[in-house]
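Subject: Handover of a structure and notes on its contents

Dear colleague,

Please find the structure below, handed over for your own work. My notes on what was found in it come directly after.

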Amino acid sequence: MCLCSAFEGLKTGIGDFADNVLIREAVPDPDSRATWKWGPNGHGAILLVNCDKETDSTPKPDNEDRYLQGAADLQDMSPMLVRTRGPAKLPPGYSLQLHTLESQHAGVFHVPDLSKVIGTESHSLGPGKSSYLFEYPGRGGEVKLFVEGLSFPDGDFNGFVLFHLSLLQSILPGKQSTPIFTDSVVFRVAPWIMTPNTQPALEVFMSRVDSNAVFIKQMTTLAHLAGCTPIEIQVNMDVWMQVSVSV
């Protein structure tokens, strides 16, 4: 998912400036940015619920805390980028704000430098934080954001998470601003899928790490006896199947 804020220039006034603010995901039709469609010709970004743990010592699953559990935690999230082109800086009295009405269902981390993630970063946007003002990165700049799902779709949540990027104009300096342009993109949270244990298995997925060669051999034999296809996945010491086979 990519939110591209394209500032082509002020031209003749702030109206032209606002008309050149774009948010887009990786689809060619800008009219489909804020929609989601199933099927071969569909479009839209998928968001996984980040419900694993990075270490056994972590007291809660990742979707129940409000912190980034190191750089490995980012692999369970969907990247979202804000790219800019146009003026070197915003005019006085203007700012960029990312906001959503579904902040209880998705968390956003702003990670300026992936090499400096230390595991203490908290949500920039998430439960209790429905909006986030960030510094305009300048001409040709990029803002790195990572999105994690916090809850599965259910009777009270249809799974759609809309993010909006607004260009704000200050009405009362330091007190009140109003959006003069807003564009949106949408994620859909992948549902919880639990197949019944009475349904015959067709394939058996196994994660291979350094210490489970005996398990892999025994499970492969059992899979063949059961008429299943064993599929072995080579991973880097991470036995969480969600991480191994996530799409």
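The notes below go from the overall make-up to one sheet, and then to the aromatic rings and a loop residue.

Please bear in mind throughout that this is a predicted model.

Overall make-up

The protein has 247 residues, 41% of which count as buried. Its secondary structure consists of three helices and 11 strands. Read from the N terminus, the elements follow the order β-α-β-β-β-β-β-β-β-β-β-α-β-α. Taking the contacts with a separation of 6 or more, 71% are between residues 24 or more positions apart. The accessible surface of the protein is about 14100 Å², and carbon and sulfur atoms contribute 56% of it.

The five-stranded sheet

Five strands form an open sheet in the order 2-9-8-4-6, and the pairing is mixed. Its edges are strand 2 (45-47) and strand 6 (131-134), each of which pairs on one side only. On average, and with direction ignored, neighbouring strands in this sheet are turned by 35 degrees against each other. As general background, the strands of a sheet pair through backbone hydrogen bonds, in either a parallel or an antiparallel sense.

Both senses occur among the pairings here. At one edge, strand 2 runs parallel to strand 9, with three bridges between them; A45 stands opposite F187 of strand 9. Strand 4 (residues 94-99) pairs with strand 8 in the antiparallel sense over six bridges, and Q97 is placed opposite S166 of strand 8. Strand 4 also pairs with strand 6, again in the antiparallel sense, over four bridges. In that pairing, H99 stands opposite S131 of strand 6.

Aromatic pairs and a charge over a ring

How many aromatic pairs does a search of the whole structure find? The search finds four; two of them are described here.

In one of these pairs, the ring centres of Y132 and F134 are 6.0 Å apart and the planes meet at 35 degrees, so the pair is classed as tilted. The cut-offs behind this are under 30 degrees for stacked and over 60 for edge-to-face, with the rest counted as tilted. Y132 and F134 are both buried.

Another pair joins F163 and F187, whose ring centres are 5.7 Å apart; the planes stand at 90 degrees, so this pair is edge-to-face. The pair links distant parts of the chain, as F163 belongs to strand 8 (residues 160-172) and F187 to strand 9 (residues 176-189), 24 residues apart. F163 has a relative accessible area of 0% and is therefore buried. F187 is likewise buried, with a relative accessible area of 0%. F187 is also the residue that A45 stands opposite in the pairing of strands 2 and 9.

A further feature involves a charged side chain. The charged end of R188 sits over the ring of W36, at 5.3 Å from the ring centre.

A loop residue

Where is V49 placed in the chain? V49 lies in the loop between strand 2 and strand 3 (78-85). Is V49 buried or exposed? Its relative accessibility is 4%, so V49 counts as buried, the cut-off for buried being under 20%. The C-alpha atom of V49 is 8.4 Å from that of A106, although the two residues are 57 apart along the chain.

With kind regards

Notes. Residues are numbered from 1 along each chain as its sequence is written. This is a predicted model: local features need pLDDT of at least 70, side-chain atom pairs count only at pLDDT 80 or more; totals for chains, interfaces and linings use all residues. Side-chain values use heavy atoms; hydrogens and water are left out. Rings of Phe, Tyr and Trp (its six-membered ring) pair if their centres lie within 6.5 Å; planes under 30 degrees apart count as stacked, over 60 as edge-to-face and the rest as tilted. Buried means under 20% relative accessible area, exposed over 50%, partly exposed in between (1.4 Å probe, protein chains only). Helices (H or I, at least four residues) and strands (E, at least two) are DSSP runs, numbered from the N terminus. A charge sits over a ring if NZ of Lys or CZ of Arg is within 6 Å of the ring centre and within 35 degrees of the ring normal. Two strands pair if DSSP finds at least two bridges between them. Axes are lines fitted to C-alpha atoms, for helices over the stretch in contact, and angles run from 0 to 180 degrees between N-to-C directions. Contact means heavy atoms within 4.5 Å. Accessible areas come from the Shrake-Rupley method with a 1.4 Å probe; for residues, only the protein chains shown count as cover.
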